[in-house]
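Let's take a walk through this protein together, starting with the whole fold and then stopping at one pair of helices. Have the structure open beside you as you read.

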Amino acid sequence: MTIALLNTLPATADDLRALALVNYGHFTAMQVRDRAVQGLEFHIERLQAGTRELFGAELDRERILAELRGALAAGEADASLRFTVFARGFDYRNPLQPVEPDILVTLTPPASPDKPPLRVKSYRFVRPLPHIKHVGTFPLFHYRRQAQLAGHDDALFVADDGCMVEGSVWNLGFWDGEGVVWPEGPALRGTGERLLQAGLAGLGVPQRHRPVPLAEAGGFRAAFASNASGLQAVIGIDETAFPADAALMDLLARAQASQPWERP
């Protein structure tokens with residue numbers, strides 16, 4: 001069952017017309033377990049920064065927490081939660097007009113922890129405003145569809161300099177046999193990625209951040225995808241194949257599980 005609340009009240013079709021027609025806003029997504037979430041501060045930071053940049057407005061921390069509490073109380077104890085910020089008063093013809101942000105919180109069934117490995121196809125593409133988790137998802141799903149039409153599972157984006165930056169809705173990491181290498185570039189730095197980095201640091205696993213050319217993919221031992229829904233092994237990038245590294249995926253799962261679950 002899906003629950004949708006707009007500014008703490010059940011959302012109606014009329015409430016959502018502006019979001020559907022104008023499609024201007026941003027969001028964050030998280031998994032809920034026993035009405036608790038991981039990386040709460042990361043999500044708050046993302047929501048406040050995105051609202052400031054897109055609307056020139058401040059989103060009060062207590063309002064964020066109140067919206068989360070109300071949604072979590074209304075839904076199941078375990079769920080997938082999406083927190084979207086938009087503005088019914090936003091007019092694309094006069095985008096500098098001050099507006100009051102609206103908050104849409106939706107709850108859907110929780111993501112399965114068992115995710116199949118991915119074979120991905122690369123595309124030369126960088127999302128507009130890649131540092132913002134905005135609602136302009138058309139190209140992400142278009143390239144995913146193109147990848148699947150070509151016999152792959154998902155799309156991997158490569159910048160103009162030939163370096164890998166991110167997947168359609170996930171961050172990419174590599175294992176070089178000693179530690180994790182995180183590709184640098186114009187990409188959304190996901191909350192799942194940040195949680196994983198914190199967990200790996202706590203376990204003493206070496207990590208490096210550097211540009212990673214697509215041509216160097218074959219030089220790694222393994223690869224993986226990370227987002228708010230969990231972890232997936234990446235077993236192929238174009239013609240480069242990687243072994244399914246169960247030990248690596250177990251290490252990543254332990255790092256992720258080490259991060260605290262918090263109730264707003």
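What follows goes from the overall build to a single helix contact.

Keep in mind that you are looking at a predicted model. Its secondary structure comes to six helices and 16 strands. With a radius of gyration of 19 Å, close to the 18 Å that the globule rule gives for 264 residues, the protein is as compact as a globular protein of that length. If you lay the C-alpha trace along its principal axes, it spans about 50 × 40 × 30 Å.

How much of the chain is tucked away? Of the 264 residues, 49% count as buried, meaning that they have under 20% relative accessible area. The contacts tell you about the chain's path too: among those between residues at least 6 apart in sequence, 70% join residues at least 24 apart.

Now turn to two of the helices, α2 (residues 40-55) and α3 (residues 61-74). Their axes come within 11 Å and cross at roughly 120°. That angle makes α2 oblique to α3, because angles over 145 degrees would be needed for roughly antiparallel and 65 to 115 for roughly perpendicular. The crossing of α2 past α3 is right-handed.

Which residues make this contact? On the α2 side you will find L40, E41, I44, L47 and Q48, and these meet R61, I64, L65 and L68 of α3. Sorted by class, the contact of α2 with α3 has six nonpolar residues, one polar residue and two charged residues.

How values were computed. Residues are numbered from 1 along each chain as its sequence is written. This is a predicted model: local features need pLDDT of at least 70, side-chain atom pairs count only at pLDDT 80 or more; totals for chains, interfaces and linings use all residues. Side-chain values use heavy atoms; hydrogens and water are left out. Axes are lines fitted to C-alpha atoms, for helices over the stretch in contact, and angles run from 0 to 180 degrees between N-to-C directions. Helices (H or I, at least four residues) and strands (E, at least two) are DSSP runs, numbered from the N terminus. Angles under 35 degrees count as roughly parallel, over 145 as roughly antiparallel, 65 to 115 as roughly perpendicular and the rest as oblique. A crossing is left-handed if the near helix is turned anticlockwise from the far one by less than a right angle, and right-handed if clockwise. Contact means heavy atoms within 4.5 Å. Ala, Val, Leu, Ile, Met, Phe, Trp, Tyr, Cys and Pro count as nonpolar, Asp, Glu, Lys and Arg as charged, and the others, Gly among them, as polar. The radius of gyration is taken over C-alpha atoms; the globule rule is 2.2 Å times the number of residues to the power 0.38. Buried means under 20% relative accessible area, exposed over 50%, partly exposed in between (1.4 Å probe, protein chains only).
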